[in-house]
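Here is a walk through one protein model, written for someone who would rather look at the structure than at a pile of numbers. Have the viewer open and follow along.

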Amino acid sequence: MYSRLYHYLSINHILSDSQFGVRRNHSTCLALINVIDEIYQHIDNRDKVLGMYLDLQKAYDSIDHDILLFKLYTYGTRGKIFDWFKDYLSNRSQYVCVNSAISNALNVNCGVPQGSVLGPLLFLLYVNDIENCIPNITVKLYADDTNLFIFGKKVDDLIRNGERYVSDLNLNKWFNVNRLCLNIDKTCYTVLGVPDCDKNSIKLKLNDIELQQAESTKYLGIIIDSHLTWEKHIDFLY
């Protein structure tokens, strides 16, 4: 079923081009090259860059089955195959075992079956339409890693667009209607192409909560610093 579904998604170009996770001929290396090359191009044009790294709480476990089935149907999974997926997600239960003591079983009404072949692909389908809520910005995706890179000539424009894109009007609203939760504590941003003396004045808020500005952050295993010197990543490896 995985092979049939993936083949259908591929020949119809349904999966987003900005999604690099768990796909054939895609990798973390390609995702990094795609992002870093775009950042370098804008910095060479003397643009400012705002990188936003969004963290989703237990993304795979939060998938709503009804919403997932609706999206499967919308993308063209119909008839007996749709019924098969509906049955596949239904009547699942879980329990906890600690020191040979077993809890009562409870129904699982959300989440993709982790450890399964289909689980990661179903998650990609679930988040596939996220970029539609920000038509002018490409959302960089690697499975549940969700990142935004915003470019502009002025810092004020970066901050205004950053808050607007992630506010209730756009990404945050998409998270809410899809029953996914953004972890504010682990969500951060970096500013590139801006002098250090000006960075302290930059404040980015989401729902009146100030987000953390980081000098460096790990992105797909690589530590990206705000000056693109790669010193922190080299020191980490060393």
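The largest pocket has a volume of about 210 Å³, and keep in mind that this comes from a predicted model. Its lining is made up of 14 residues, and Tyr53, Leu54, Asp55, Asp145 and Asn147 are the ones that lie nearest the centre. If you sort the pocket lining by chemistry, you get 6 nonpolar, 3 polar and 5 charged residues. Three strands, β1 (48-54), β7 (145-152) and β12 (216-219), each give at least two residues to that lining.

There is also a cavity to look at. The count comes to 1 cavity of 30 Å³ or more, and the largest cavity holds about 40 Å³ of space. Its lining consists of Phe20, Ala31, Asn34, Val35, Lys140, Leu141, Tyr142, Asp145, Asn147, Tyr219 and Leu220. The elements supplying two or more of those residues are α2 (28-44), β6 (139-142) and β7. By type, the cavity lining splits into 7 nonpolar, 2 polar and 2 charged residues. Asp145 and Asn147 turn up here in the cavity lining, and they are also among the residues nearest the centre of the largest pocket.

Now for the strands behind these spaces. They belong to an open sheet of 5 strands, in the order β6-β7-β1-β8-β11, with mixed pairing. The edges are β6 and β11 (212-213), each of which pairs on one side only. The antiparallel pairings worth clicking through are these:

| Strand pair | Sense | Bridges |
|---|---|---|
| β1 and β7 | antiparallel | 7 bridges |
| β1 and β8 | antiparallel | 5 bridges |
| β6 and β7 | antiparallel | 4 bridges |

A few individual partners help you get the register right. Start with β1: Gly51 has Phe149 in β7 as its bridge partner, while Leu54 stands opposite Thr146, also in β7. Turn to β8 and you'll find Cys188 opposite Tyr53. Strand β1 is mostly covered, with 6 of its 7 residues buried.

At the β6 edge, Leu141 stands opposite Thr146 in β7. β6 and β7 make a hairpin with 2 residues between them, and Ala143 in the turn has a positive phi of about 60 degrees.

What about the greasy interior? As a rule, nonpolar side chains in soluble globular proteins tend to be buried together. Here the largest nonpolar core has 55 residues, and Met52, Leu122, Leu148, Val166, Leu171 and Phe175 have the most contacts inside it. The largest share of this core, 8 residues, comes from helix α5 (residues 118-127). A second, separate core has 16 residues, including Ile39, Cys188, Ala214 and Leu228.

Met52 is a good residue to center your view on. Leaving out residues up to four places away in sequence, Met52 touches Thr146, Asn147, Leu148, Ile150, Gly162, Val166, Cys188, Tyr189, Leu204 and Leu211. Two of those names, Leu148 and Val166, are also on the list of residues with the most contacts inside the largest core.

Next, hop over to Leu180, in the loop between α7 (171-177) and β8 (188-192). Is Leu180 buried or exposed? Leu180 counts as buried because its relative accessibility is 4%, and the cut-off for buried is under 20%. Its contacts, again skipping residues up to four places away in sequence, are Leu56, Ala59, Ser62, Ile63, Tyr126, Val127, Trp174 and Phe175. Take Val127 from that list: it sits 53 residues from Leu180 along the chain, with the two C-alpha atoms separated by 9.9 Å.

Finally, two loop residues have backbone angles you may want to check. His13, in the loop between α1 (2-11) and α2, has a positive phi of about 55 degrees although it is not a glycine. The His13 relative accessible area is 69%, so this residue is exposed. Asn91 lies in the loop between α4 (79-89) and β2 (93-94). Its phi is near 55 degrees, which is a positive value in a residue other than glycine. With a relative accessible area of 79%, Asn91 is exposed too.

Technical notes
Residues are numbered from 1 along each chain as its sequence is written. This is a predicted model: local features need pLDDT of at least 70, side-chain atom pairs count only at pLDDT 80 or more; totals for chains, interfaces and linings use all residues. Side-chain values use heavy atoms; hydrogens and water are left out. A nonpolar core is a set of buried Ala, Val, Leu, Ile, Met, Phe, Trp, Tyr and Cys residues joined through side-chain atoms within 4.5 Å. Buried means under 20% relative accessible area, exposed over 50%, partly exposed in between (1.4 Å probe, protein chains only). Contact means heavy atoms within 4.5 Å. On a 1 Å grid over the protein atoms alone, a cavity is a set of points where a 1.4 Å probe fits but cannot get out, and a pocket is an open set with protein on both sides within 12 Å along at least five of seven lines; lining residues have an atom within 4 Å of a point. Grid points are joined across faces, edges and corners, and a volume is the space filled by probe spheres set on the points. Ala, Val, Leu, Ile, Met, Phe, Trp, Tyr, Cys and Pro count as nonpolar, Asp, Glu, Lys and Arg as charged, and the others, Gly among them, as polar. Two strands pair if DSSP finds at least two bridges between them.
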